[in-house]
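Let's take a walk through the empty spaces of a protein and see what lines them. Keep the picture open while you read.

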Amino acid sequence: MTLQFSLGSAAPATVDSACVLVGVYEQGVLTSAAAQLDSAAGGMIKRQVESGDISGKAGSTTVLFAPAGVAAQRVLVVGLGAQKSFDAARYQKVNIEAARALGRLPVANAVSYLSEVEVPGRDSAWRVRIAALACDHAAYRYTATFKPRDKSKQTELAALTFAAGTDAQGGLDQAVAIAEGVRFARELANLPPNICNPAYIAAQAQAFAEAQGKVSCSVLDEAAMAKLGFGSLLAVARGSVNKPRLIALEYKGGHDGAKPYALVGKGVTFDSGGISLKPGAGMEEMKFDMGGAAGVLGAFVAAVKMGLKLNLVCVVPAVENMPDGDSYRPSDVLTSLSGLTIEVLNTDAEGRLILCDALTYAAQTYQPQALVDAATLTGACVIALGKHATGLMSKHDDLAAELLAAGEETLDRAWRLPLWDDYQAQLESGFADVANIGGKSAGAITAGCFLSRFTDGQRWAHLDIAGTAWEEGRKGLATGRPVALLAQWLLDRSEQ
Ligand code: BES
Ligand code: MN
Ligand code: ZN
């Protein structure tokens with residue numbers, strides 16, 4: 001069941017709902033909605049601030065049940081932190097925490113006045129969009145392969161209204177489309193690799209294309225790729241019985257003949273490391289190694305759902321990286337689709353080996369006006385930027401600026417790393433045109449440098465989402481990043 005969103009403008013004290021959400025800053029500063037409820041309820045919120053029950057600390061939540069003088073059954077008071085430092089990132093954070101708290105309550109519907117909170121430099125369409133995406137994110141449950149254990153909570157949130165005028169409708173419509181893309185990406189990435197293998201991803205892409213107009217899907221199998229010369233991708237795939245696919249989705253929302261934007265996403269449905277086998281601890285997380293594929297497919301879904309006026313293609317190389325008697329091995333020399341030869345020094349640096357052929361294919365087939373890839377490419381990127389920022393690499397300052405801006409706008413943020421030629425020397429090989437690893441230092445950048453060798457003449461950028469695609473821990477779920485960033489970037493490129 002998907003959460004239904006709407007806009008409303010009823011007064012907080014009289015609105016008939018299972019729960020109303022209002023914000024309170026630190027130091028007892030009430031937002032206008034909180035002040036209205038407080039006076040309707042005879043000073044109840046202020047008294048709880050004085051008693052210390054409501055701190056106003058950013059993201060804190062307090063439930064008031066059946067307060068007298070208030071039509072709603074409950075009030076959820078959400079802490080906003082200090083008013084003078086309130087900003088966009090805090091706005092997103094408090095909406096996420098509010099949505100989580102709401103999810104724990106037995107309520108089927110709610111009205112949020114958090115969307116009225118002033119955010120410097122942002123309008124109400126932006127506020128509604130961020131709030132709706134935060135709530136949809138919090139409402140997502142992974143249940144595909146088990147029965148949810150928590151049966152105690154009978155009532156699920158089904159409808160959520162944001163306090164805002166009709167000028168925010170566009171923002172809400174965008175949120176609904178982007179949320180669908182985010183859910184598509186998260187579900188695909190969360191599925192285990194014995195279900196979500198290359199053929200499964202291809203089937204999902206095909207199913208989406210069939211359900212839509214204006215979208216077509218083509219899938220190349222191993223034999224078709226062999227004919228075309230995908231020597232690098234096919235080497236990675238060889239060790240697995242789950243045969244590779246090259247998936248291409250095309251959407252025509254723009255003029256006939258207008259050059260498309262192209263997205264390419266790393267689709268390693270499980271990365272064991274291959275012959276350069278990974279350590280056992282944490283290997284299960286490598287089911288998320290198709291997070292780039294999920295992300296670009298999700299962005300594609302969002303773009304189609306928004307009906308963007310542009311042409312878009314999405315290319316997904318999907319493989320499984322496994323050790324086997326027929327696996328590719330360290331010291332193998334591969335001939336890529338581009339013709340460049342590659343010396344394999346580590347079979348665990350497989351992402352770049354499938355991406356190089358996919359990037360070549362996308363460039364040759366579509367001559368895109370911009371080419372952006374997303375990949376859970378390097379552990380080094382997680383060391384450099386942690387779990388908060390996606391690593392962005394590009395030689396094109398204008399394209400990098402567009403993507404960084406889209407990340408800021410959606411708070412799905414990226415941070416740029418240099419792609420200077422100085423780093424290219426680390427990829428030298430005595431046996432091929434390029435080696436597939438660049439040594440210990442600057443691992444995220446040398447991976448980007450490797451890809452850059454296959455994107456000559458393209459307006460290309462690379463997103464390393466190794467740190468941002470999923471949440472760590474046993475119950476960690478896929479985040480759906482960078483769907484919002486990419487969807488925003490495309491929205492900004494689309495003709496209005
Ligand atoms: N999929 C991994 C990167 C990764 C590691 C993502 C940890 C998220 C968390 C990738 O295929 C890989 O194994 N990269 C190697 C590259 C190395 C062999 C040069 C890595 O990062 O260790
Ligand atoms: Mn690997
Ligand atoms: Zn990998």
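What follows goes from the ligand and its pocket to the cavities, and ends with two spots in the backbone.

First, some ground rules. This is a predicted model, where local features need pLDDT of at least 70, side-chain atom pairs count only at pLDDT 80 or more, and totals for chains, interfaces and linings use all residues. Residues are numbered from 1 along each chain as its sequence is written, chains are lettered from A and ligands numbered from 1 in the order in which they are written, and side-chain values use heavy atoms, with hydrogens and water left out.

**The ligand and its pocket**

Which residues come nearest to ligand 1? Of the 16 residues around it (a heavy atom within 4 Å), they are Lys278, Asp289, Asp348, Glu350 and Gly379. By class, this shell has five nonpolar, four polar and seven charged residues. Here Ala, Val, Leu, Ile, Met, Phe, Trp, Tyr, Cys and Pro are nonpolar, Asp, Glu, Lys and Arg are charged, and the others, Gly among them, are polar.

The table lists some polar contacts of ligand 1, meaning pairs of N or O atoms within 3.5 Å.

| Ligand 1 atom | Protein partner | Distance |
|---|---|---|
| oxygen | Asp271, side-chain N or O atom | 2.9 Å |
| nitrogen | Thr376, polar backbone atom | 3.3 Å |
| nitrogen | Leu377, backbone N or O atom | 3.5 Å |

On its own, ligand 1 has 510 Å² of accessible area (Shrake-Rupley method, 1.4 Å probe), and the protein covers 77% of that.

Ligand 1 takes up the second largest pocket; to count as sitting there, more than half of a molecule's atoms must lie within 2 Å of the pocket's grid points. On a 1 Å grid over the protein atoms alone, a pocket is an open set of points with protein on both sides within 12 Å along at least five of seven lines, a cavity is a set where a 1.4 Å probe fits but cannot get out, and lining residues have an atom within 4 Å of a point.

The second largest pocket holds about 520 Å³ of space, the volume filled by probe spheres set on the points, which are joined across faces, edges and corners. Its lining has 28 residues, with Lys278, Leu377, Thr378, Gly379 and Ala380 closest to the centre. Helix 11 gives the most to this lining, with three residues. Helices (H or I, at least four residues) and strands (E, at least two) are DSSP runs numbered from the N terminus.

**The cavities**

How many cavities of 30 Å³ or more are there? The count is two. The largest has about 40 Å³ of space, and among its lining residues are Ala185, Gly291 and Arg481. Helix 9 supplies the most here, with three residues. The lining has five nonpolar, four polar and one charged residues.

The second largest cavity has about 30 Å³. Leu21, Cys135 and Phe162 are among the residues that line it, and helix 3 (residues 88-104) gives the most, with three. This lining has six nonpolar, two polar and no charged residues.

**Two backbone spots**

Most residues other than glycine have a negative phi, and most peptide bonds are trans. The bond from Arg481 to Pro482, however, is cis, with omega near 5°. Pro482 is in the loop between strand 18 and helix 14. Ser331 has a positive phi, near 90°, and lies in the loop between strand 11 and strand 12.

Terms used
A polar contact is a pair of N or O atoms within 3.5 Å; within protein, one must be able to donate a hydrogen and the other to accept it, and residues adjacent in sequence count only if both atoms are side-chain atoms.
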